[in-house]
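I opened this model today to see how the chain is put together. Here are my notes, in the order I looked things up.

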Amino acid sequence: MVKESKAKKAIIIGATSGIGLDMAKFFSMDGYVLGITGRRKHLLEQLKEELAGECHIKSFDVSDDSAGEELEALIDEMGGMDLIIINAGIGFVDKKLPWEKDKITIDTNVLGFTAMANTAYRYFLKKGTGHLVGIPSIAALRGGPAPAYNASKAYVSNYLQGLRSITARNKTKIVITDIQPGFIDTAMAQGGGLFWVASQQEAASQIFTAIKKKRKHAYISKRWRLIAWVLKIVPDFLYHKM
Ligand SMILES: NC(=O)c1ccc[n+]([C@@H]2O[C@H](COP(=O)([O-])OP(=O)(O)OC[C@H]3O[C@@H](n4cnc5c(N)ncnc54)[C@H](OP(=O)(O)O)[C@@H]3O)[C@@H](O)[C@H]2O)c1
């Protein structure tokens, strides 16, 4: 008789670099069987070699039409799933607003995110339980110098809230977590004007803890709660000078 593994299973969508890469290390060290994704296959293979525990890799672009099927195939390969973290995201600050940059931001952060969240949620609905995590940003709270990025992150946060609302009405046991980081020291956070920048490892550690505690929402690092409060109340004439 084949004994079913009791180890918890998690998928991190977007684990080739940055926060996702360090989150993979925390979950692997905690004994999770991991599924990791991203477009850069060689980085997935490299990370798999580094991780001590069982790890499955799947390379795909979240904005491709087949992305949902790729996620389903990874869940099947791993024999089910407990936790899905949608971390993949992209952003640019470019005052000239080239359309290509806005489009790739929307394709990844809105279309790609929805393909992943929709697939993951429908899977958990069928299973009756599960934990879905999205990583928007503090940028979700207000429009900013990267209009498409901020708007896309507002979408992510709002979509997660919608899923939580459906879950409450259906009385299912699906947990939805909305992680809103401030500035984190990764390839994405470039340029001047950055402050209270958390290291990649510190951010991943705090996100790991928030997920383990099944929090509904967390600011990363914690002191960004203060900036969130300011963003919500500061009038436009002051906001535009910040
Ligand atoms: N860094 C910050 O200050 C900050 C602040 C707030 C929120 N965030 C959010 O945190 C998340 C992680 O960002 P990060 O700073 O760690 O950046 P990062 O190092 O650039 O990591 C982004 C991850 O997303 C994956 N990804 C991007 N586009 C993808 C696509 N089309 N298909 C599949 N995977 C894709 C990348 O993998 P491949 O390139 O291999 O595909 C990579 O693994 C993002 O959602 C970001 O918006 C970051």
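**Entry 1: the core.** Before anything else, I wrote down what I mean by a nonpolar core: a set of buried Ala, Val, Leu, Ile, Met, Phe, Trp, Tyr and Cys residues joined through C-beta atoms within 7 Å. I also kept in mind that this is a predicted model. The largest such core has 63 residues, and the members that touch the most others are Ile12, Ile85, Ile86, Met116 and Leu132. I then checked which element gives this core its largest share, and H4 came up, with 7 residues. I picked Met116 for a closer look. Leaving out residues up to four places away in sequence, Met116 touches Ile13, Val62, Ala67, Leu71 and Ile86.

**Entry 2: the whole chain.** I counted 8 helices and 7 strands in the chain. The radius of gyration is 18 Å, close to the 18 Å that the globule rule gives for 242 residues, so the chain is as compact as a globular protein of that length. Along the principal axes, the C-alpha atoms fill a box of roughly 70 × 40 × 35 Å. I found that 39% of the 242 residues count as buried. I also looked at contacts between residues at least 6 apart in sequence: 60% of them join residues at least 24 apart.

**Entry 3: around the ligand.** Which residues are closest to the ligand? I noted Gly14, Gly18, Gly38, Arg39 and Gly89, out of 30 residues that surround the ligand. By class, the shell has 13 nonpolar, 14 polar and 3 charged residues. Helix H1 (18-29) and helix H4 (99-127) each supply at least two residues of the shell. The largest share, 3 residues, comes from H1.

**Entry 4: Leu43.** I found Leu43 in helix H2, which covers residues 41-50. Is Leu43 buried or exposed? Neither label fits: Leu43 is partly exposed, because it has 17 other C-beta atoms within 10 Å, and a buried residue would need 20 or more, an exposed one 12 or fewer. Apart from neighbours within four places in sequence, Leu43 is in contact with Thr16, Ser17 and Gly38. Gly38 is also one of the residues closest to the ligand. I took one distance here as well: Leu43 and Ser59 are 16 residues apart in sequence and 9.8 Å apart in space, C-alpha to C-alpha.

**Entry 5: helix H5.** Helix H5 (residues 147-170) has 24 residues. From its first C-alpha to its last, H5 reaches 35 Å, close to the 34 Å expected at 1.5 Å a residue. The buried residues of H5 are Ala148, Tyr149, Asn150, Ser152, Lys153, Val156, Tyr159, Leu160 and Leu163. I wanted to know what covers them, and the list includes H4, strand E5 (129-134) and strand E6 (173-181).

**Entry 6: just after H5.** Lys171 follows H5 and is placed in the loop between H5 and E6. Its phi is positive, about 55 degrees, although Lys171 is not a glycine. Lys171 counts as exposed because it has 6 C-beta neighbours inside 10 Å.

**Entry 7: another positive phi.** Leu97 is placed in the loop between strand E4 (83-86) and H4. The phi of Leu97 is near 45 degrees, a positive value in a residue other than glycine. I noted Leu97 as exposed, because 11 other C-beta atoms lie within 10 Å.

**Entry 8: a cis peptide bond.** I found a cis peptide bond joining Ile220 and Ser221, with omega about -10 degrees. Ser221 is in the loop between strand E7 (217-220) and helix H7 (224-233).

**Entry 9: two glycines in loops.** Gly31 lies in the loop between H1 and strand E2 (33-38). Gly31 is exposed, as 12 other C-beta atoms are within 10 Å. Not counting residues up to four places away in sequence, Gly31 touches Ala7 and Gly53. The C-alpha atoms of Gly31 and Glu54 are separated by 8.7 Å, with their places 23 residues apart along the chain.

Gly191 is in the loop between E6 and helix H6 (200-212). With 7 C-beta neighbours inside 10 Å, Gly191 counts as exposed. My last distance was from Gly191 to Ile75: 38 Å, C-alpha to C-alpha, for residues 116 apart in sequence.

How values were computed
Residues numbered from 1 in each chain as written. Predicted model: local features only at pLDDT ≥ 70, side-chain atom pairs only at ≥ 80, totals over all residues. Helix = DSSP H or I, 4+ residues; strand = E, 2+ residues; numbered from the N terminus. Contact = placed C-beta atoms within 7 Å. Near = placed C-beta within 6 Å. Nonpolar A, V, L, I, M, F, W, Y, C, P; charged D, E, K, R; others polar. Rg over C-alpha atoms; globule rule 2.2 N^0.38 Å. Expected span 1.5 Å × (residues − 1).
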